[in-house]
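Please open the model in your viewer, set it to a cartoon with side chains available on request, and follow the stops below in order.

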Amino acid sequence: QVHLVESGGGLVQAGGSLRLSCVASGTRFGINRYRMAWYRQAPGNERELVAALGSGGTTNYADSVKGRFTISRDIFKNTAYLQMDSLKPEDTAVYYCNAYNAADVVDYWGKGTLVTVSS
């Protein structure tokens, strides 16, 4: 069982930056075995994919964050990151870390961290 803990959320003004971290524990093989992703859910909205980093290093981003957000990982620290720059009020949401591996049929979630962007 992999346990994911997010941190780094908070209140920031529009145009500012935050870096979210997701520490994975309990994994025997390290986070590079998983597709690591960040999702977000704003009040009244469905959870949406923000950014994903495949085990092979391929990244993909929601159109709304392309050029502003960057997903990365440190396999030695078993940590995934989401660098968020040029934040906008519409980025306000709870951000969730996800670790997924289709072959192992596993899909793990953290409890989320709140990001609030003021105008």
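Is Phe-29 buried, partly exposed or exposed? Select Phe-29 and display the surface around its side chain: Phe-29 is partly exposed, with a relative accessible area of 47%, where buried means under 20% relative accessible area, exposed means over 50% and partly exposed lies in between, using a 1.4 Å probe and protein chains only. Phe-29 sits in the loop between S3 and S4. Add Asp-104 to the selection, and the two C-alpha atoms turn out to be 12 Å apart in space, although 75 residues separate Phe-29 from Asp-104 in sequence.

Before going further, note that this is a predicted model, in which local features need pLDDT of at least 70 and side-chain atom pairs count only at pLDDT 80 or more, while totals for chains, interfaces and linings use all residues. Residues are numbered from 1 along each chain as its sequence is written, and side-chain values use heavy atoms, with hydrogens and water left out.

**The whole chain**

Zoom out and colour by secondary structure, which shows eleven strands and zero helices; both are DSSP runs numbered from the N terminus, with helices being H or I of at least four residues and strands being E of at least two. The radius of gyration is 14 Å, close to the 14 Å that the globule rule gives for 119 residues, so the protein is as compact as a globular protein of that length; the radius is taken over C-alpha atoms, and the rule is 2.2 Å times the number of residues to the power 0.38. Along the principal axes, the C-alpha atoms fill a box of roughly 45 × 25 × 25 Å. Of the 119 residues, 43% are buried.

**Strand S4 and its two partners**

Next select residues 35-41, which form S4, a mostly covered strand with five of its seven residues buried. Show S9 (93-101) beside it: S4 and S9 run antiparallel and are joined by seven bridges, and two strands are said to pair if DSSP finds at least two bridges between them. To find the register, pick Arg-40, whose bridge partner in S9 is Tyr-95. Now add S5, residues 48-53, which pairs with S4 in the antiparallel sense over five bridges, with Trp-38 matched to Ala-51 in S5. The hairpin of S4 and S5 has six residues between the strands, and there Gly-44 takes a positive phi near 80°.

**Strand S8 and its two partners**

Move to S8, residues 79-84, which is also mostly covered, since five of its six residues are buried. Select S3, residues 18-25, which runs antiparallel to S8 and is joined to it by six bridges; Leu-20 stands opposite Leu-82 in S8. Then select S7, residues 69-74, which pairs with S8 in the antiparallel sense over six bridges, and locate Arg-73, whose bridge partner in S8 is Ala-80. In the hairpin of S7 and S8, with four residues between the strands, Asn-78 takes a positive phi near 50°.

**Last stop: Asp-91**

Which loop holds Asp-91? Asp-91 lies in the loop between S8 and S9, and this residue is buried, with a relative accessible area of 1%. Display its surroundings, taking contact to mean heavy atoms within 4.5 Å: leaving aside neighbours within four places in sequence, Asp-91 is in contact with Arg-40, Arg-68, Phe-69, Ser-86, Val-115 and Val-117.
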